[in-house]
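Q: I have a model open and would like to learn how to read it. Could you take me through a couple of features?

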Amino acid sequence: MSNATLKELSDRLAAGACSSVELAQDYINKINGLGKSLGCFITVDAERSLAQAKAADARRAAGNAGPLTGVPLAHKDIFCAEGWLTTCASRMLSNFVSPYDAHVVELCNAAGMVTLGKTNMDEFAMGSSNETSFFGPVRNPWNPDTVPGGSSGGSAAAVAARLAPAATGTDTGGSIRQPAALTGICGLKPTYGLVSRYGMIAFASSLDQAGPMARTAEDLGLLLNVMAGHDPRDSTSLERPAEDYNRSLAQPLKGLRIGLPREFFADGLSPDVRCAVDEAVAEYRKLGATVVDISLPNMELSVPVYYVLAPAEASSNLSRFDGVRYGHRAAEYTDLMDMYKRSRAEGFGAEVKRRILIGTYVLSHGYYDAYYIRAQKLRRLIARDFVEAFRQCDVIMGPTSPTTAFRLGEKSADPVQMYLSDIYTIAVNLAGLPGMSIPCGFDGGGLPVGLQIIGNYFDEARMLNAAHQYQLATDWHTKAPAVGQG
Amino acid sequence: MITYTASIFNGFFTLAMAIQLDDVRRAAHLARIAVDDAEAGAALAQLTRVFGLIEQMRAVDVSGIEPMAHAQDLMLRLRADEVTETNRRERFQAVAPEVESGLYLVPKVIE
């Protein structure tokens, strides 16, 4: 049963072939077994999950079920969920039981979906390997010696290992797409503003965006239909009419213009990844698409720009953790200043502190124009490159990540090496565009490769159409790691 | 000629802005994070690497470009002036480290 997609589970529940309680129990059993050894979850609360499942079954019996009523999913531990421990994978929040729901959680609950648990992640979503979690790393189900990517590493590994049919994630610089690529699943970061950030613990507010992670493009659309929507509590949430993101799935791809940015295929791209991506593009040609050579000349600057802007925003956002209203407070201190300093020194891990220091430095007197304002100007140049590119093509394709999954510990000593693993994803966040990753093959060692599809603003339906048509013609998305089979 | 001027300019800034141990201590103080000497030293080594990456930003001329603060050039909305939040003090204070009579307790700041 746990090998089924979201769509299949939805159909089975509708046909009465299984109950939501049976489904939830089945997944919880796997989470308590395999899930533990992979480190996918921070919190599992079977009682709470089963109560939700029971309510979903009752709702169905009463004839009020929606398409996803009774279907289980996992939430990244960055989303506040009422009554659930919500830690953001930090010691700072290791005792924080959320008194309210994030908008995304509210919407999933209202749809009747069942929360299977809260997934592990990089602390405060800062990382690309899921190694910065206070609760320990997540292991990649394809090879437990390698990382699942990050920061939504627990969500990605859980979906890949069939511990959940789908999960929520968040993406500030690639945190949905890169782990999706490294674990062989699908992940979509929507256009900035489509999904409310209310109750999603803030990292870099002008870049953070929540999105679905699942095994097929169709499932991403189903979940995005639930997650997206205006919310007045997030001042950046867009007021747009509701849409069915799966409305164009069946459309043939004939005439689709695919832009291939030269900069995505330059030095630093692993030959195995390149080969898989080239083959995917060849498949798209067979499906009737045409290929256009494009350029994103400022893309190279996206990593340095991001490592000014994101830490600057983070240093401001994370100032709320002061040991007064919630979170960790040091046991010993001399005065208020000392209490702040010790609580924060103890509560935050090394990478989070590093980014707070970078952010504080670039925002401080004398450096603000040279770093922060300059980075904002470059951000506009990067965004303009995309506007220019979309004059010549409908979607942009390339690798999601320069390499497949790397070994645990391989990049933890050098932050810059780690930061560069998001080289193909960061520019999309800076521009606020939608981006997704779908599996498109394997490297020589049997580790999955992700194909990135970048769309124009609000073009999620077209991206899902392109991904779905590819998945009708290929079977990469059906491949499961050995541990997830059966 | 322009390239020449730019490279001098870049060099000047790279030199002038190399991050020092005192900068790390100052930033840590501003960010209210306690660091001892060993931590400050380790942070300096890592931040020097990161700022090496960040300095690449100087390669491009940005004169005349408007800073972009946000992914969408949004206008802030005004909402109706009405009560939207109910009082949930007890729920919110249940997760606080120390409260008494509805107040958050901190060490004394005024003698």
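Q: How many residues does each of chain A and chain B bring to the contact?
A: Two residues are in contact if their C-beta atoms, placed from the backbone, lie within 7 Å. Here, 57 residues of chain A and 46 residues of chain B take part. This is a predicted model, where local features need pLDDT of at least 70, side-chain atom pairs count only at pLDDT 80 or more, and totals for chains, interfaces and linings use all residues. Residues are numbered from 1 along each chain as its sequence is written, with chains lettered from A and ligands numbered from 1 in the order in which they are written.

Q: Which helix gives the most to the side of chain B that touches chain A?
A: Helices (H or I, at least four residues) and strands (E, at least two) are DSSP runs, numbered from the N terminus. On that side of chain B, α2 (21–30), α3 (37–54) and α4 (89–93) each supply at least two residues, and α3(B) gives the most, with seven.

Q: Now strand β10 of chain A: why is it largely enclosed?
A: A residue is buried if 20 or more other C-beta atoms lie within 10 Å of its own, again placed from the backbone. Seven of the eight residues of β10(A) (435–442) are buried, so the rest of the structure largely encloses this strand.

Q: What does β10(A) pair with?
A: Strands pair if DSSP finds at least two bridges between them. β10(A) runs antiparallel to β5(A) (186–189), with three bridges, and antiparallel to β11(A) (448–455), with seven. A:Ser437 is the bridge partner of A:Gly187, and A:Ser437 also has A:Gln452 as its partner in β11(A).

Technical notes: A residue is buried if 20 or more other C-beta atoms lie within 10 Å of its own, exposed if 12 or fewer, and partly exposed in between; C-beta atoms are placed from the backbone.
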